[in-house]
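Reader: I'm new to reading protein structures, and I'd love a close look at a single part. Could you show me how strands pair up here, and what sits around them?

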Amino acid sequence: MRIIHTADYEDMSRKAASVIAAQVVLKPDCVLGLATGSTPIGAYQELVRRHESGELDFSQVSTYNLDEYRGLTHDDPQSYHYFMERELFSHINIDPARTHVPDGANEDAEAACAEYDELVAGAGYPDLQLLGIGNNGHIGFNEPADAFSKGTHCIDLTESTIEANSRLFESPEDVPRQAYTMGIQTIMRARRVVVVASGEKKAQAVRDMCQGPISPACPASILQLHPDVIVIADKDALSLCN
Ligand code: F6R
């Protein structure tokens, strides 16, 4: 694991954008695994800026998002599909047909997950997978559990995740209780993984990810076994790491 220390959120965002931009420049038809949540927004804004200044061409890039709430349609403003359109896709020259998010509107969880697994496998898995990390160490929506998950699956969100994500909904009751998420095995197949983390609330999870025992109690800790992980985090998020 390489750890890049950054001064603050803006610095973290610029550095994460630089790693993603380098991937796009080196391999214009690369496959990017993308995340939603608050943390990557600054990096997405920086990628948009670099695209607008003519530095970055996304026309050949394909993307696969980590997760989606079960029961939300693509055009629901709370869906992760909508989030990606709003924060990134509508501002860059990516081909909409090359962007993929699990189909939350498909209530048949088994079919929706199997279909997504086939899509990701068919694309050859991401060249670069961008991840945020939950306060409880989750990646994607792979919550702390007794075992590491494999492929895309339907998950019951934990109370702590519902609580953390309720800031984006009118009330905690409005947060969907389930989501479809890429599994840990799929995430581990990406050739490079970039984790972004900012703020004190992430400090324990970042420490457990980088220095704790490898355990499904902290799903992100499995990344210690991946050969190419870059953690880009600000000083608050790294404050508990030695
Ligand atoms: C989002 C995702 C989640 C988030 C995590 C951190 O697609 O997969 O694992 O990365 O919950 O969220 P933020 O960045 O909002 O703190």
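Author: Happy to! Two strands count as paired if DSSP finds at least two bridges between them. Keep in mind that this is a predicted model. Let's begin with one pair: strand β3, residues 62–65, runs parallel to β5, and 2 bridges join them. One residue to look for is Thr-63, whose bridge partner in β5 is Thr-99.

Now zoom out to the whole sheet. It is open and has 7 strands, paired in parallel, in the order β1-β10-β9-β6-β2-β3-β5. The strands at the edges are β1 (2–6) and β5 (99–100), and each of them pairs on one side only.

Helices pack on this sheet too. Helix α1, residues 9–26, touches β1, β2 (31–34), β6 (128–131), β9 (192–197) and β10 (229–234). The direction of α1 makes about 155 degrees with that of β10. Helix α4, residues 109–122, brings us back to our starting pair, since α4 touches β3 and β5. Its direction makes about 145 degrees with that of β3.

Thr-63 has one more place in this picture. The structure holds 1 cavity of 30 Å³ or more, and about 40 Å³ of space lies in the largest cavity. Thr-63 is one of the residues lining that cavity, along with Ile-20, Leu-32, Leu-34, Leu-47, Phe-58, Leu-88, Phe-89, Ile-92 and Ile-94. The lining divides into 9 nonpolar residues, 1 polar and no charged. So Thr-63 pairs with Thr-99 across the bridge and also lines the cavity, because it has an atom within 4 Å of a cavity point.

Key:
Residues numbered from 1 in each chain as written. Predicted model: local features only at pLDDT ≥ 70, side-chain atom pairs only at ≥ 80, totals over all residues. Heavy atoms only, no water. Helix = DSSP H or I, 4+ residues; strand = E, 2+ residues; numbered from the N terminus. Contact = heavy atoms within 4.5 Å. Axes fitted to C-alpha atoms, helices over the stretch in contact; angles between N-to-C directions. 1 Å grid on protein atoms, 1.4 Å probe; cavity = no way out; pocket = protein on both sides within 12 Å on 5 of 7 lines; lining within 4 Å. Points joined across faces, edges and corners; volume = space filled by probe spheres on them. Nonpolar A, V, L, I, M, F, W, Y, C, P; charged D, E, K, R; others polar.
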